[in-house]
Amino acid sequence: MPSSTGVFLFLVAVVVIVAIYIASIYNALVRLRNHISDAWSNVDTELIRRYELIPNLVAAVKGYAAHERETLERVIELRNTCIADTGSVRHQEGTEKQLVFAMQKLLALAESYPDLKADQSFLGLQKELVNTEDRIQAARRFYNGNVRDYRNLREAFPSNIVADMFDFEDRSFFDVEPAVRIVPAVELS
């Protein structure tokens with residue numbers, strides 16, 4: 001029969017191993033949660049960059065398409081709503097999708113105005129918007145990758161037990177299409 005000291009040491013060793021496991025899972029979840037916060041701040045920075053371009057883009061279009069007032073006002077209204085939106089990622093995703101749709105409508109107006117399409121100021125703004133959209137998509141992919149890793153750890157057994165013990169909340173993906181896409185010109189010879 002094993003001695004009571006041996007049983008005691010065995011139980012202490014088991015408790016220490018379980019505590020180390022719980023601590024390592026907890027730390028991994030905290031690390032991923034912090035990566036998500038950092039990645040979201042990158043997305044937010046790029047969204048702000050887009051918001052700063054919008055008034056210039058609207059002003060350029062307004063000079064050529066003043067009678068499209070409703071579309072122009074809607075873009076500015078949604079821009080201001082998005083700037084003020086500090087809610088959840090899921091909520092921000094909804095307002096961003098509305099803004100993207102309105103911006104696509106605004107950029108479609110340019111197709112109706114050949115002088116606007118040729119305006120160097122407008123072309124420069126459009127190029128900067130394309131660059132910004134690319135940066136938003138790259139930041140979004142990085143953010144979503146961190147959310148995926150966090151969710152995998154948070155939902156997998158047995159780490160899900162640790163996540164539930166310490167109330168690690170689920171995180172949402174951010175899925176918004178770019179406001180503008182440049183379709184490559186194809187020449188058939």
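**A pocket, a nonpolar core and two asparagines**

The second largest pocket encloses about 180 Å³ of space. Here a pocket is an open set of points on a 1 Å grid over the protein atoms alone, with protein on both sides within 12 Å along at least five of seven lines, and lining residues have an atom within 4 Å of a point. Grid points are joined across faces, edges and corners, and the volume is the space filled by probe spheres set on them. The model is predicted, so local features need pLDDT of at least 70 and side-chain atom pairs count only at pLDDT 80 or more, while totals for chains, interfaces and linings use all residues. Residues are numbered from 1 along each chain as its sequence is written, and side-chain values use heavy atoms, with hydrogens and water left out.

Trp40, Asp44, Asp85, Thr86 and Gln92 are the closest to the centre of the second largest pocket among the 13 residues that line it. Helix 1, helix 2 and helix 3 each give two or more residues to this lining, and helix 1 gives the most, with five. Helices are DSSP runs (H or I, at least four residues) numbered from the N terminus. By class, the lining has seven nonpolar, three polar and three charged residues, where Ala, Val, Leu, Ile, Met, Phe, Trp, Tyr, Cys and Pro count as nonpolar, Asp, Glu, Lys and Arg as charged, and the others, Gly among them, as polar.

Turning to the interior, the largest nonpolar core has 46 residues, and Val61, Leu106, Phe122, Tyr143 and Phe174 have the most contacts inside it. Such a core is a set of buried Ala, Val, Leu, Ile, Met, Phe, Trp, Tyr and Cys residues joined through side-chain atoms within 4.5 Å. At least two residues of this core come from each of helix 1 (4-64), helix 2 (69-84), helix 3 (89-111), helix 5 (120-155) and helix 6 (159-165). Helix 1 supplies the largest share, 16 residues. Leaving aside neighbours within four places in sequence, Leu106 is in contact (heavy atoms within 4.5 Å) with Leu57, Val58, Val61, Thr71, Leu72 and Val75.

Two asparagines round off the picture. Asn144 lies in helix 5 and is buried at 13% relative accessibility, buried meaning under 20% relative accessible area, exposed over 50% and partly exposed in between (1.4 Å probe, protein chains only). Not counting residues up to four places away in sequence, Asn144 touches Phe173 and Phe174. A polar atom of the Asn144 side chain lies 2.8 Å from the backbone nitrogen of Phe174. Asn80, in helix 2, is partly exposed at 39%.

Definitions and conventions. 1 Å grid on protein atoms, 1.4 Å probe; cavity = no way out; pocket = protein on both sides within 12 Å on 5 of 7 lines; lining within 4 Å. Polar contact = N/O pair within 3.5 Å; in protein donor to acceptor, adjacent residues only side chain to side chain.
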